[in-house]
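Open the model in your viewer and keep the selection panel at hand. The tour starts at one residue and works outwards to the whole chain.

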Amino acid sequence: MKKLLLVVAVVFATSLLKAQSTFTQINSLFQNSCAIGCHNGVDNSGNLNLSGTDSEVYNRLVNVSPTNPAAAAKGYKLIRPGYPDRSFLMRKCNNGLYPNEALTIEEGSGMPNYGGPVPAIPQQNLEMIRQWIYQGAPLTGNVVNTAIIDEYYTNGGINSIPSTPPLPTEAGSFQLHLGKIFLAPQSEAEYFIKYDLELPENIKVNRLEMIMAPQSHHFILYKFLPGQDASFNEGLRLQNPITGVGSSGSSSTMINAWQMSFDTHLPEGTAYIWPTGSVLDMNFHLKNYSVDSILASEVFINVYTVPSTDEVIEMHSDLITDLNIFIPADNTPHTFSQGDYDNSATNYWNIWQLTSHTHKYGIDFDIYKRNANGTKGEQIYEGWYDTDYIFNQGYYSFSHPPIRQFEPLETINPKLGLIQEATFRNSGSTAVHFGLTTNDEMKLYYIQYTLGDVILGDENLTTDFASIIPNPANGNFNLTFDLEKASDVQISIWDISGRLIQQTNPDNLPIGKNSLQLQAPDKNGVYIIRLCSNTGTFTQKLIVQH
């Protein structure tokens, strides 16, 4: 019966949406709940007139500062696209829907005048406004699935975080929140949304307390490179599961990544450094495994800082992928190994944390120090350990992989680097390769580290068969490599999120040294250059600085 109600609701709502844009529905709500009482051309309480056409009301709301001094001082707008928590009208109408967005005394009372002659706005209608803001608050277009919201608030669903975690109270702390995001049964989606921290000064973050939905596939916190956020629209961006379009890719750097709720305390004397003007990019990958219930998913991050006067060492993060995996559907273990090193590095890495990531077919994931001759050295990560890396549990949990933290920090030469080795068993009916959905596979690890001493010499390193010059590049660059015999090669450029940017396949190259001139990507950032040849596979970072 519940499934039938959902189908009927979707069909009915779809027919309405074809006739009305989301904002037309919202404006109709304003006319019936607000304009007839306090907010019209005659009684415009708070200097807010909500009567009129869609365009008239829209222009009075979107990116318009409120008259309330306390709200204006916080930088709120009546409606700020992409930011429900900074949209004063949404906060005024909240009525307990999102407890951590309650009004302060200085911001006045809620609206409509709850308990007065105008009835309270139903929760599903408030949620429609909130979701419209998350979608960038456009004037036109049907951007909110009202059927799924109505079903959730009428008949219930899966509330991913049953109780809202309290706001942190420590000096300098604050809370980030994304959600709710609604998913129909058996659906999957991956979103990005940028969030301007609006920092009045540089901050030093030494703890990130993550509370996330158990149904989450992952949540990654990125930080845009200076000025790069302007290239991305406000509001939720749905990533294309095939092309990866929608991600910030090489326009951002990773701060941290989670596959489950986890309270990250950085080592004493270290911190993430977020300068004034920092804009975050939140990446939320969700899968609703239920066959009949809607998932309402959200994530909270409590951010804790140290005093700005404290001397700290900056913590860096990276996501290192192996794109060259192909797993046949033969229910047989297949192991893939890749060396990860950076010939352009100038400082040793002091590793603090390692954790791995595969999808459902992953059965082991190990990380080793890489020897000068390219072979495996000391093992520093065992995938069969439990989440807290206390004991070997005898199997790899892809959904709760081990998180190893080193005390003291583990020093490596990034020019030698690490080797990641993972094993997969495909028990499905089709072969899989590296991809962005849970039906594809992944092989990667997250690493957090501080920069150590300067690397003074390369006397212990073997000469690689390929090199990139110049690196960093600001236009063309040369890829030089040796071939053991005449052959074809494949050269590909990827961004750090695993999205293929360009690929070329030169034919019939001669034996010996070859040099090809390639065009660097248009955007500044970090990219992965991969060369596949009969001599071997060469992978190196390319830094683009136009």
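Select Phe192 in this predicted model. Its relative accessibility is 2%, and because buried means under 20%, phenylalanine 192 counts as buried.

Now add Tyr222 to the selection. Is tyrosine 222 buried or exposed? At 7% relative accessibility, tyrosine 222 counts as buried.

Show both side chains and look at the rings. The ring centres of phenylalanine 192 and tyrosine 222 are 6.3 Å apart, with 25° between the planes. Planes under 30 degrees apart count as stacked, so this pair is stacked. To place the pair in the fold, colour residues 188-196, which are strand 3 and hold phenylalanine 192. Then colour residues 216-224, strand 5, where tyrosine 222 sits. The two residues are 30 apart in sequence, and their pair links distant parts of the chain.

Next, move to Phe23 and Tyr58. How are the rings of phenylalanine 23 and tyrosine 58 arranged? They form an edge-to-face aromatic pair, with 5.3 Å from centre to centre and 85° between the planes. Colour residues 22-35 for helix 2, which contains phenylalanine 23, and residues 54-61 for helix 3, which contains tyrosine 58. Because the partners lie in these two helices, the pair ties together parts that are 35 residues apart in sequence. Phenylalanine 23 and tyrosine 58 are both buried.

Keep these two selected and add Trp132. Phe23, Tyr58 and Trp132 make up one aromatic cluster. In total, the structure holds 15 aromatic pairs.

Now clear the selection and show the whole chain as a cartoon. Seven helices and 29 strands make up its count of these elements. Along the principal axes, the C-alpha atoms fill a box of roughly 85 × 55 × 50 Å. The radius of gyration is 26 Å, which agrees with the value near 24 Å for a compact globule of 546 residues.

Switch on contacts. Of those between residues at least 6 apart in sequence, 74% join residues at least 24 apart.

Then show the surface. How much area does the chain expose? The figure is about 23,700 Å², of which carbon and sulfur atoms supply 51%. Of the 546 residues, 53% count as buried.

Last, colour by charge. The chain has 32 positive and 53 negative charges, and the mean positions of these two sets lie 4 Å apart.

Conventions
Residues are numbered from 1 along each chain as its sequence is written. This is a predicted model: local features need pLDDT of at least 70, side-chain atom pairs count only at pLDDT 80 or more; totals for chains, interfaces and linings use all residues. Side-chain values use heavy atoms; hydrogens and water are left out. Helices (H or I, at least four residues) and strands (E, at least two) are DSSP runs, numbered from the N terminus. The radius of gyration is taken over C-alpha atoms; the globule rule is 2.2 Å times the number of residues to the power 0.38. Buried means under 20% relative accessible area, exposed over 50%, partly exposed in between (1.4 Å probe, protein chains only). Contact means heavy atoms within 4.5 Å. Accessible areas come from the Shrake-Rupley method with a 1.4 Å probe; for residues, only the protein chains shown count as cover. Lys and Arg count as positive and Asp and Glu as negative; His and the chain ends are not counted. The place of a charge is taken as NZ of Lys, CZ of Arg, CG of Asp or CD of Glu. Rings of Phe, Tyr and Trp (its six-membered ring) pair if their centres lie within 6.5 Å; planes under 30 degrees apart count as stacked, over 60 as edge-to-face and the rest as tilted.
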